Amino acid sequence: VYMIANFKVTSAMNFRPVEGDKIINFLHTTKIQEIKGLKNIRIAEQSFMFCSVEVLSTRDGQRMYLSDVIGVASYIGNIEETGTTHGISKIRDIVLRIEDQKVNIRLWGNKVDQIDEDSMVLS
């Protein structure tokens, strides 16, 4: 359990991690403190809302909801650079096997570094 203080609630815009109208923005003054020693507290838990391949395909090109899926990475490409309207950006292509289908994913910018290459297993 954490106490969060000094944050801002705003209307959700482009990307939404959950299906809601509001988001919390952390500020440079936001403080997060773990609350220890509390027992038997009943707090509503957030959960993942996994979507099927069919739902994922309807979201192709949309910039509304972030999508939770479970799959196996069958391909993880090398980090490359590409030109954009904002300059040079790093990219990394990934292929996920979800159910019986392959889904192509492209990571951009600092997200490409979130995959630890030492932990990748090739089969």
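# A tour of the strands and the pocket

Start with the whole chain on screen: of its 123 residues, 15% count as buried (under 20% relative accessible area; over 50% is exposed and anything in between is partly exposed, with a 1.4 Å probe and protein chains only). What you have open is a predicted model, in which local features need pLDDT of at least 70 and side-chain atom pairs count only at pLDDT 80 or more, while totals for chains, interfaces and linings use all residues. Residues are numbered from 1 along each chain as its sequence is written, and side-chain values use heavy atoms, with hydrogens and water left out.

**Whole chain**

Colour by secondary structure. You should find one helix and six strands, in the order β-β-α-β-β-β-β along the sequence. These elements are DSSP runs numbered from the N terminus (helices are H or I with at least four residues, strands are E with at least two). Switch on the surface next: the accessible area is about 10,500 Å², with 51% of that belonging to carbon and sulfur atoms (Shrake-Rupley method, 1.4 Å probe; for residues, only the protein chains shown count as cover). As for contacts with a separation of 6 or more, 38% are between residues 24 or more positions apart (a contact is heavy atoms within 4.5 Å).

**Strand S5 and its partners**

Now select residues 87-98, which is S5. Two strands pair here if DSSP finds at least two bridges between them. Add 72-76 to your selection and you have S3, antiparallel to S5 and joined to it by four bridges; look for isoleucine 76 opposite isoleucine 94.

Then pick 80-84, strand S4, which also runs antiparallel to S5, with five bridges. Here glutamate 81 stands opposite lysine 90. S4 and S5 make a hairpin, with two residues between them.

Finish with S6, residues 101-108, antiparallel to S5 and linked to it by eight bridges. Arginine 97 has lysine 102 in S6 as its bridge partner. This is another hairpin with two residues in between.

**Two phi angles to check**

Zoom in on glutamate 99, in the loop between S5 and S6. Its phi is near 55 degrees, a positive value in a residue other than glycine. Most residues other than glycine have a negative phi. Is glutamate 99 buried or exposed? Glutamate 99 is exposed, with a relative accessible area of 55%.

Jump to asparagine 6, in strand S1 (residues 2-11). Asparagine 6 is not a glycine either, yet has a positive phi of about 65 degrees. With 42% relative accessibility, asparagine 6 counts as partly exposed.

**The largest pocket**

Last stop: select Leu56, Leu66, Ser67, Ile105 and Arg106, which lie nearest the centre of the largest pocket among its 28 lining residues. On a 1 Å grid over the protein atoms alone, a pocket is an open set of points where a 1.4 Å probe fits, with protein on both sides within 12 Å along at least five of seven lines; lining residues have an atom within 4 Å of a point. Helix H1 (53-58), S5 and S6 are the elements that each give two or more residues to the lining. Which element gives the largest share? S6 does, with seven residues.

The volume is about 1,200 Å³ (the space filled by probe spheres set on the grid points, which are joined across faces, edges and corners). Colour the lining by type and it splits into 15 nonpolar, seven polar and six charged residues. Nonpolar covers Ala, Val, Leu, Ile, Met, Phe, Trp, Tyr, Cys and Pro, charged covers Asp, Glu, Lys and Arg, and the others, Gly among them, are polar.
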